[in-house]
Amino acid sequence: MIEDQIKGVLLAVILLLGLIGAAQYYYSHTTSEPFPELGILGPNQKIGDYPTNVLAGQNFTLYLYVGNHEGHVEYFNVLVKLGNNDSVVNGTNGMNAPVLATYRIILENNQTYLEPITLSLPNPGQNIRMVFELWTYNTSTNTFTYDYIYNQLWVNVTGVV
Amino acid sequence: MKSAPLLILLFLLVSGTPLVVFAASTSDGAALSSIQNAFAQVSLAESKGANITLQVQELNQALQLVSQGEAIQQSNVTLASQYYSQAESIAAQVQQQIPQSIAQGQAAATLSLQELSAFLGVLALAGVLVYLFTGRVLWRLWLRQHRDWTVKRGE
């Protein structure tokens, strides 16, 4: 009968609306795949045009990009370390190399950060591995833990004549 | 000569002169530690539904002050120390805001749950009404639509 068919359609629409409302509420409180982002952009804010040869002690600019999609607020540290061909980035402690600079940023969920950073490499050298490591503050242990997320640039540093 | 500081201390104690203690932060470590503590509180507040946008902005401002202090640490210790102190006071200010933020967040979360409950309740009521009255309403509408129809005897 047409009456039952219409009744069925209306009830199905109501059920669907209820499911959509409940799902929206549930998913607004959860993050399916949490992840952070780290990116180093060139001086033109693009992936490219990275410096390959720099003068020792001379400033050069890059752009640091950090994104938080962890589902909650995060406190990030980006450590810039200087290594070489033999340096290894360890999954727990990062690269065992001196820290050139530290950038600290707190981001809410789905918030991103893009700012210019000015660096200067003190000593001349060939194939210097500049590693940018992303560390996250762990409120349970009150320490920064390494997420095994890093970017790297290879540069040659020449001395000033 | 050795007893001079002791004498001064004794004099201060006897005379009742208050000892002024400067609590200014002189290291970035202390400021960063305060920021970490404040961040832990902010994180907790967020998990309880608080809106932490303002606190995050303030803590980033504190982090910026620490970075500025570190940049001039070698050349101007006094100014660097001032930056660290400012950062610490911002972190302390953030910590003070936390209980209120949590209370507001919990109220907002309760309201949000109440809104969902009301929405689902209205839908359930609509379902019952549809189930009970669809036939009646449908045929009433049909009759209104066809009220000018006339019935003729069939052949």
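Where is Asn142(A) found? Keep that in mind while you load up; this is a predicted model, and the tour starts in chain A.

**Stop 1: two residues with positive phi**

Select Asn142(A) and you land in the loop between β9 and β10 of chain A. Check its backbone: phi is near 55 degrees, a positive value in a residue other than glycine. Asn142(A) counts as exposed because 11 C-beta neighbours fall inside 10 Å.

Now go to Tyr148(A), which sits in strand β10 of chain A. Tyr148(A) is not a glycine either, yet its phi is positive, at about 60 degrees. With 12 other C-beta atoms within 10 Å, Tyr148(A) is exposed.

**Stop 2: the domains of chain A**

Colour residues 1-30 of chain A as domain 1 and residues 35-158 as domain 2. How far apart do the C-alpha centres of these two domains of chain A lie? Put a distance between the centres and you should get 48 Å.

**Stop 3: an open sheet**

Show β1, β3 and β8 of chain A as cartoon. These 3 strands make an open sheet in the order β1-β3-β8, with antiparallel pairing. The edges belong to β1 (35-41) and β8 (111-120) of chain A; each has a single partner strand, so one side of each has no neighbour in the sheet. From one strand to the next, the twist averages 20 degrees.

Follow β3(A) alongside β8(A): the two pair in the antiparallel sense over 10 bridges. To see the register, pick Asn59(A), and you'll find Ser120(A) of β8(A) standing opposite.

**Stop 4: over to chain B**

Hide chain A for a moment. What does chain B hold in the way of helices and strands? There are 4 helices and 0 strands, so to speak an α-α-α-α run from the N terminus on. Of the 155 residues of chain B, 21% count as buried. Among contacts in chain B with a separation of 6 or more, 75% come from residues 24 or more positions apart.

For a look at one buried residue, select Ala45(B) in helix α2 of chain B. Ala45(B) counts as buried because it has 25 C-beta neighbours inside 10 Å. Leaving out residues up to four places away in sequence, Ala45(B) touches Ala50(B), Ile52(B), Ile98(B), Ser101(B), Ile102(B) and Gly105(B). Try a C-alpha distance from Ala45(B) to Gln96(B) as well: they are 51 residues apart along the chain and separated by 12 Å.

**Stop 5: where the chains meet**

Bring chain A back. The contact takes 24 residues from chain B and 21 residues from chain A. On the side of chain B that touches chain A, the elements giving two or more residues are α2, α3 and α4 of chain B, and α4(B) supplies the largest share, 11 residues. Colour that side by class and you get 15 nonpolar, 8 polar and 1 charged residues.

**Stop 6: the largest nonpolar core**

Finish with the largest nonpolar core, which has 42 residues. Ile106(A), Ile35(B), Val42(B), Leu59(B), Ala62(B), Val66(B) and Ala87(B) touch the most other members. Both chains contribute: β3, β4, β7, β9 and β10 of chain A and α2, α3 and α4 of chain B each give two or more residues.

Zoom in on Val66(B) last. Not counting residues up to four places away in sequence, Val66(B) touches Asp28(B), Ala31(B), Leu32(B), Tyr83(B), Tyr84(B) and Ala87(B).

Key
Residues numbered from 1 in each chain as written. Chains lettered and ligands numbered in written order. Predicted model: local features only at pLDDT ≥ 70, side-chain atom pairs only at ≥ 80, totals over all residues. Core = buried A, V, L, I, M, F, W, Y, C linked by C-beta atoms within 7 Å. Buried ≥ 20, exposed ≤ 12 C-beta atoms within 10 Å, placed from the backbone. Contact = placed C-beta atoms within 7 Å. Domains from an automatic or database assignment. Nonpolar A, V, L, I, M, F, W, Y, C, P; charged D, E, K, R; others polar. Pairing = 2+ DSSP bridges. Axes fitted to C-alpha atoms, helices over the stretch in contact; angles between N-to-C directions.
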